[in-house]
Amino acid sequence: AKLEARFQQMVDDDIKIEPQDWMPDAYRKTLVRQMSQHAHSEVIGMQPEGNWLTRAPSLRRKVILLAKIQDEGGHGLYIYSAAETLGTSREDMCKALRDGKAKYSSIFNYPALTWADIGTIGWLVDGAAITNQVALSKGSYGPYCRAMIRICKEESFHQRQGYELLLSLSKGTAEQKAMLQDSVNRFWWPSLMMFGPNDADSPHSAQSMKWKIKKKSNDQLRQEFIDATVPQAEFLGITLPDPDLKWNEERGHYDYGEIDWEEFAHVIKGNGPCNKQRAAAYIKAHEDGTWVREAANAYAAKHAAQAAE
Amino acid sequence: AKLEARFQQMVDDDIKIEPQDWMPDAYRKTLVRQMSQHAHSEVIGMQPEGNWLTRAPSLRRKVILLAKIQDEGGHGLYIYSAAETLGTSREDMCKALRDGKAKYSSIFNYPALTWADIGTIGWLVDGAAITNQVALSKGSYGPYCRAMIRICKEESFHQRQGYELLLSLSKGTAEQKAMLQDSVNRFWWPSLMMFGPNDADSPHSAQSMKWKIKKKSNDQLRQEFIDATVPQAEFLGITLPDPDLKWNEERGHYDYGEIDWEEFAHVIKGNGPCNKQRAAAYIKAHEDGTWVREAANAYAAKHAAQAAE
Amino acid sequence: MTELTQQQAISRYAAQIGDNGLIIGHRMSEWCFKAPTIEMEMALMNCALDLIGQARELYTYAGVAGGEGKKEDDFAYLRDEQDFRNNLLAEVPNGDWGDTIVRLFFMSAFNNLFYKALSQSKDTQLAAIGEKSLKEVIYHLRFSSEWLIRLGDGTEESHARAQKSIDSLWMYVGELFTMSDVEKQLLADGISVDVEALREEWEHTVNRVLRQATLHRPQDDWAMLGGKAEGRHTEHFGYIITDMQYMQRRYPGCEW
Amino acid sequence: MTELTQQQAISRYAAQIGDNGLIIGHRMSEWCFKAPTIEMEMALMNCALDLIGQARELYTYAGVAGGEGKKEDDFAYLRDEQDFRNNLLAEVPNGDWGDTIVRLFFMSAFNNLFYKALSQSKDTQLAAIGEKSLKEVIYHLRFSSEWLIRLGDGTEESHARAQKSIDSLWMYVGELFTMSDVEKQLLADGISVDVEALREEWEHTVNRVLRQATLHRPQDDWAMLGGKAEGRHTEHFGYIITDMQYMQRRYPGCEW
């Protein structure tokens with residue numbers, strides 16, 4: 001209890017918790033869950049984007065997308081490393097994902113059906129992620145904060161590229177504009193869901209806030225995201241698919257419609273359009289690669305033994 | 001020797017040899033080799049055509065191609081059955097193909113690179129095959145002759161469809177015409193090679209002729225094919241890629257240039273553009289299907305046992 | 001959706017039915033030279049032939065009813081992904097022989113009832129297509145049922161694989177029995193089939209075959225929707241049309 | 001072939017080199033979310049990035065030299081199959097990790113020598129591209145060599161697989177060292193690289209790595225030719241361009 005008090009004091013004083021510091025088990029567990037989920041999201045998020053790599057309509061865009069996917073791999077590795085400082089191995093975290101025990105952001109259970117989706121994922125999905133991550137970068141756990149700071153920079157870059165892709169469509173033909181609008185129609189609500197349940201329905205949030213794992217509530221972050229995004233949508237000349245969306249002079253924020261939490265629960269539960277596909281692809285890559293990883297291990301062991309002689 | 005004399009007498013008298021009749025071992029062996037090769041050709045021949053099934057440019061053509069491929073499967077089965085009357089099982093013949101011991105027509109080691117190739121395969125490849133098969137249908141072994149008669153009818157239909165496909169191209173845009181000409185450029189010489197080496201270099205032919213396994217020599221058949229095909233090429237408005245090709249008033253036939261027998265030997269030896277690909281696809285289908293065939297066998301055995309109780 | 005004229009609705013309806021045939025036929029055709037035996041390959045090519053043949057008739061009629069002079073190939077080759085209204089079940093990848101058989105079985109059990117009902121349509125053209133297609137579909141149902149029984153009651157491996165195929169494709173079943181807007185619109189006039197009403201008999205058929213195959217029917221969990229009602233497909237669909245339409249897109253307006 | 005002006009020849013030459021980069025880069029990009037580890041995936045994405053990047057520079061220069069106002073995307077998206085002059089090695093399917101590594105190794109061992117030589121080209125633009133690309137290619141060579149050694153000297157299975165990959169891809173090696181017409185034309189002016197002359201050193205590199213990997217070099221049997229000299233590809237190539245070009249073919253003339 002004394003340790004716990006000291007821990008909380010550090011948190012309250014905005015002193016970063018470092019791996020060697022004492023921390024409550026629940027704090028550690030919450031962080032591992034959240035960080036591994038975050039890392040998994042980077043990895044699974046490659047799937048919808050990878051779906052358009054071979055069909056990217058210009059070389060410039062193809063190369064941007066390749067670089068983005070590469071960055072995401074890097075983010076995944078970086079966050080796994082940060083999470084490993086809490087005593088759980090990357091292999092354990094990945095095994096939990098393969099076994100369906102760990103989660104990743106539900107947004108990646110929606111399909112990337114058109115080229116416009118690549119832009120929308122950059123603009124809305126990365127945009128929502130950044131809103132989250134900026135808050136997370138001010139959290140209490142040192143390694144995670146530092147990862148977030150670094151990642152946010154690259155994500156902002158991706159977000160701008162996504163927006164710029166959509167801008168090209170918005171200046172294009174009627175078909176391109178329709179493709180853009182359709183994509184935003186499909187991704188708008190799922191993006192808002194990325195911030196999680198309403199505060200009233202978010203039971204774990206209070207503790208996370210106290211520990212400064214979370215610095216802002218789900219609804220706060222969601223509102224920030226909406227406020228930042230609506231003007232960008234206007235600039236693109238598109239309609240966001242929410243008839244209740246309008247500026248509230250009094251609040252100084254945009255009001256928005258009720259989120260379909262049933263759909264949210266549905267997708268979380270495993271019944272999104274792509275949950276099974278994403279899991280299957282992830283597991284297949286792992287299984288197809290078994291012989292390769294075994295070879296690398298055997299080689300390393302052999303040569304470590306030789307070096308020791 | 002008496003049996004052999006009687007056998008030869010039957011052949012000479014154009015009495016068909018039937019499965020229960022005595023026949024020389026070499027006759028049997030030659031026929032099994034030739035018939036299984038013929039059946040294998042029907043099966044492997046699906047590969048270049050299958051390459052364009054999903055990309056056929058009109059529904060009508062797609063359906064025609066599907067039907068053709070289905071017919072080829074039927075031909076394969078029919079010839080395997082006829083060959084089985086000689087005491088070799090289809091499974092043994094197919095195993096020989098998988099093991100690289102049996103051959104199929106080398107023409108299928110050339111790739112189908114454009115849609116025009118589907119027409120050219122029908123026109124030239126099936127055309128050459130028919131020329132052969134008409135002669136074979138007058139051969140000495142009853143089951144093979146009957147198979148040939150039936151197959152020739154369908155093949156003629158395919159050949160007309162192939163020609164008609166090319167006719168559409170010949171009436172089309174400059175790009176379509178170029179596609180047609182390019183395809184014929186690639187398939188002309190390999191089609192001529194389908195008749196086998198020049199008579200002078202065809203050591204086994206004499207015995208086969210005596211046994212009426214072959215009724216006409218390679219060069220005779222090749223000449224027939226050329227004579228029939230050149231006017232069709234003219235009607236298509238294309239050039240056949242042989243500067244020496246011209247009507248010889250005196251012979252009453254077309255003269256033609258020297259065939260590149262080195263290429264022929266090369267492809268036969270296994271070094272055509274697609275030999276490895278064809279073999280690999282054939283073997284993969286077999287291996288992927290093992291569990292399915294095993295299931296069917298297990299089911300049949302189970303229910304045969306139950307029926308017997 | 002704004003209300004369509006009856007002819008427009010019939011056009012959409014015919015195209016929607018045709019889309020199922022074309023897309024599943026396309027998938028079957030991908031089996032060319034990859035099936036476990038020649039006989040099985042021929043059977044699949046034959047199914048593909050039937051299904052694409054059905055699509056051709058339906059598209060042709062859709063063109064006539066639509067009154068815009070569209071031909072069969074316009075429907076197959078010049079529409080975009082979201083214009084196709086097939087059931088998602090038709091478009092998922094072939095997977096192994098078990099997946100292919102289960103998909104064909106689910107779809108054929110449906111088509112069998114569907115075309116039987118369509119042959120009673122007040123629209124004589126649709127009724128005629130229904131009647132003709134029914135004969136073909138009965139064969140598909142028999143072929144796929146027999147194979148499903150063989151796999152289920154075959155070896156341990158084939159049993160496990162077949163069960164896995166059933167489990168993984170089950171989420172696409174529900175969409176078969178949903179009514180699209182045009183279906184609802186045409187129902188009152190006795191033109192379209194009430195597909196919701198087909199489920200019970202479909203279950204009956206499926207349960208009977210599964211029982212014989214010693215396989216079990218999954219729990220109804222949820223149904224993945226989107227293709228039929230909104231043209232919202234799986235990520236797999238895009239690759240179907242890149243292949244299928246490439247020639248027409250590359251060489252616009254050519255005759256082949 | 002009618003003699004080209006030097007500028008036309010340079011344009012073709014640059015495009016031909018670029019084709020190798022684009023097509024092998026495309027193949028690598030197909031590994032996205034399919035590699036055995038994230039690190040390996042990132043390495044492949046990185047190679048793809050380099051190789052497609054090289055293609056972009058070469059196409060851009062090809063457009064300038066060609067004098068017809070062609071842009072990089074015109075080369076990638078608006079040419080037909082037979083216009084692409086990549087080595088066939090670049091286009092064969094990825095296969096397993098072993099096939100992918102062997103292909104990259106063969107190609108990178110070649111590119112390493114090729115770009116070194118190109119950086120000495122009398123054409124300053126090509127020389128600059130060669131110099132820049134060389135740095136990237138050295139990394140590809142190291143990455144693929146290290147992996148080949150690991151696979152060859154890893155487990156029994158990986159050894160057998162790696163050997164099989166080498167054996168099956170060997171027939172595409174010879175084409176790397178053949179001279180196309182434009183290469184011959186530009187050789188006298190010191191613009192193009194004499195690729196025939198690179199073989200000996202290539203063998204040297206390959207033999208050294210194979211030895212370390214405990215793998216054996218296949219007999220030289222024959223070389224499959226066609227892509228580079230005539231644009232005659234494998235049956236696999238068509239599927240690459242249906243995917244790659246679909247958007248541009250579907251939406252002609254759009255900016256993206």
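Good morning. Across the interface of chain C and chain B, 3 salt bridges are found. I begin there, and I should say at once that the model before you is predicted.

One salt bridge links B:Arg90 with C:Glu39, and the closest N and O atoms of that pair are 2.7 Å apart. As general background, side chains of opposite charge can pair when their charged atoms come close.

Let us consider the contact between these two chains as a whole. Here 49 residues of chain C are in contact with 46 residues of chain B. About 4100 Å² of area is buried between chain C and chain B, and carbon and sulfur atoms give 70% of that area. Which residues of chain C lose the most area to chain B? They are C:Phe33, C:Ile38 and C:Trp256, which together account for 19% of what that side buries.

I turn now to chain A and chain C. In this case 18 residues of chain A are in contact with 14 residues of chain C. The area buried between chain A and chain C is about 1300 Å², with 50% of it given by carbon and sulfur atoms. On the side of chain A, the residues A:Arg55, A:Leu113 and A:Lys276 supply 38% of the area buried against chain C, more than any other three residues. How many salt bridges are counted between chain A and chain C? The count is 1. The side chains of C:Glu235 and A:Arg278 meet in a salt bridge, at 2.8 Å from N to O.

Over all chains, the count comes to 64 salt bridges. One of them joins A:Arg61 to A:Glu164, with the closest N and O atoms 3.0 Å apart. A:Arg61 lies in helix H4 of chain A, residues 59-84, and A:Glu164 lies in helix H7 of chain A, residues 142-170, so this pair ties together parts that are 103 residues apart in sequence.

Finally, I come to a pair of helices within chain C. Helix H5, residues 97-118, and helix H10, residues 199-212, pack at an angle of about 140°, and their axes are 10 Å apart. That angle makes H5(C) oblique to H10(C). The crossing of H5(C) and H10(C) is right-handed. H5(C) contributes C:Phe105, C:Phe106, C:Ala109, C:Phe110 and C:Leu113 to the contact, while H10(C) contributes C:Glu201, C:Trp202, C:Thr205, C:Val206 and C:Val209. What is the division of the residues in this contact of H5(C) with H10(C)? There are 8 nonpolar residues, 1 polar and 1 charged.

Thank you for your attention.

Key. Residues are numbered from 1 along each chain as its sequence is written. Chains are lettered from A and ligands numbered from 1 in the order in which they are written. This is a predicted model: local features need pLDDT of at least 70, side-chain atom pairs count only at pLDDT 80 or more; totals for chains, interfaces and linings use all residues. Side-chain values use heavy atoms; hydrogens and water are left out. Axes are lines fitted to C-alpha atoms, for helices over the stretch in contact, and angles run from 0 to 180 degrees between N-to-C directions. Helices (H or I, at least four residues) and strands (E, at least two) are DSSP runs, numbered from the N terminus. Angles under 35 degrees count as roughly parallel, over 145 as roughly antiparallel, 65 to 115 as roughly perpendicular and the rest as oblique. A crossing is left-handed if the near helix is turned anticlockwise from the far one by less than a right angle, and right-handed if clockwise. Contact means heavy atoms within 4.5 Å. Ala, Val, Leu, Ile, Met, Phe, Trp, Tyr, Cys and Pro count as nonpolar, Asp, Glu, Lys and Arg as charged, and the others, Gly among them, as polar. Buried area is the accessible area (1.4 Å probe) that two parts lose on being put together, summed over both. A salt bridge is a side-chain nitrogen of Lys or Arg within 4 Å of a carboxyl oxygen of Asp or Glu.
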